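Reader: I should like a close look at the ligand site. Which residues come nearest to the ligand, and which polar contacts does the ligand make?

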Amino acid sequence: MKLRPNHRRSALTAVVAAAAVGLAACSGGAPSASDSATEDNPYGLITPGQIRVASLGDARPYTFTDESGEFTGFDVELFTDVAERIGIEDVVFTGQDFSGLLAAVANGQFDVGVAAIGITEERQQTVDFSDGYLAGYLTVMANPDAGIADEADLAGTRLGVVQGTLQEAYAVKNFTDTELVRFPDNNAAISAVNSGSIDAHFLDYEAAKEYAEQYGLENAIDIPSFDAPAGFAIAKNKPEFQAALNEALAAAMEDGTWKELYEKWFPGSPMPEQYLPSSEQSE
Ligand code: SNW
């Protein structure tokens, strides 16, 4: 009794299988080798299955290396979560100077740059970005004795900036009576503040807050940089990678992962609404 249906099913299976083989043969035949590479490597990564990330070792709490040399911080944990959502567990972070970071992504040494990198039109000429994931302030951090409370007080002072940052660009444009002193990274600039060789350093808000606590400095001036939210920088012409990152990033915001990481790494900072789950947004 059962023979017949079984028989039929296997006949049907055979037909389906034959059709599948036919299809595979067709699709395998027509396109070039680059298509099969895309199949194994849908995001066009340097090494299939691995994401190489250009980052910073000293931009706590965004991206930094802990005592054991492991990369961690808000941006690192967010990116690692996003990568996992697109099926990539093998994420390798490498510390760079900020000034070389976008070029290293653009010329294909890294799949992505993750370092509180503000999305600007100028930067978009060399790299593409994911959607934004963090919008905050640029901060002038100084010794409380320096008497710096607003932009006018910067006249005649020596102000540190890290090369290639939005802080450098902003200072060049707006702090015209200030002597800018360029550093490769925040640690070098903070040492210079502590030794008194510069009066203040201009960096990202959360990084300033950490150094301020550590060294008895203060966040003297906060300048909104909401029009340049941080995004993940990726080489141009990788639309599948960009789309996958954006979808995963949106999911990390919608399920509260973004909020959890924000509270973990930026305790006490005002909670911006735009990246929260839609149920927690006011309109
Ligand atoms: O534009 C801000 C953004 O609104 C948020 O506060 C995170 O930082 C920024 O992206 C600015 N970050 C600087 C930049 O993009 C410095 C980055 C760094 O030092 N790692 O140039």
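Author: The following describes the ligand site, beginning with the basis of the model.

This is a predicted model, in which local features need pLDDT of at least 70 and side-chain atom pairs count only at pLDDT 80 or more, while totals for chains, interfaces and linings use all residues. Residues are numbered from 1 along each chain as its sequence is written, and side-chain values use heavy atoms, with hydrogens and water left out.

The ligand is surrounded by 19 residues, of which Ala 116, Arg 123, Leu 166, Ser 225 and Ala 228 come nearest; a residue is near if one of its heavy atoms lies within 4 Å of the molecule. By class, this shell has 12 nonpolar, five polar and two charged residues (Ala, Val, Leu, Ile, Met, Phe, Trp, Tyr, Cys and Pro count as nonpolar, Asp, Glu, Lys and Arg as charged, and the others, Gly among them, as polar).

Three polar contacts (pairs of N or O atoms within 3.5 Å) may be described in turn. A polar side-chain atom of Arg 123 lies 2.8 Å from a ligand oxygen atom. A backbone N or O atom of Ala 115 is 2.9 Å from a nitrogen atom of the ligand. In the side chain of Asp 204, an N or O atom lies 2.9 Å from a ligand nitrogen atom. Taken alone, the ligand exposes 480 Å², and the protein buries 97% of that (Shrake-Rupley method, 1.4 Å probe).

Strand 8 (137-142) and helix 5 (166-174) are the elements that give two or more residues to the shell; helices (H or I, at least four residues) and strands (E, at least two) are DSSP runs, numbered from the N terminus. Domain 1 (51-135 + 229-275) and domain 2 (136-225) each supply at least three shell residues, with domain bounds taken from an automatic or database domain assignment.

Ala 116, one of the nearest residues, has a positive phi of about 50° although it is not a glycine. Ala 116 is placed in the loop between strand 6 (112-113) and strand 7 (128-129).

Definitions and conventions: A polar contact is a pair of N or O atoms within 3.5 Å; within protein, one must be able to donate a hydrogen and the other to accept it, and residues adjacent in sequence count only if both atoms are side-chain atoms.
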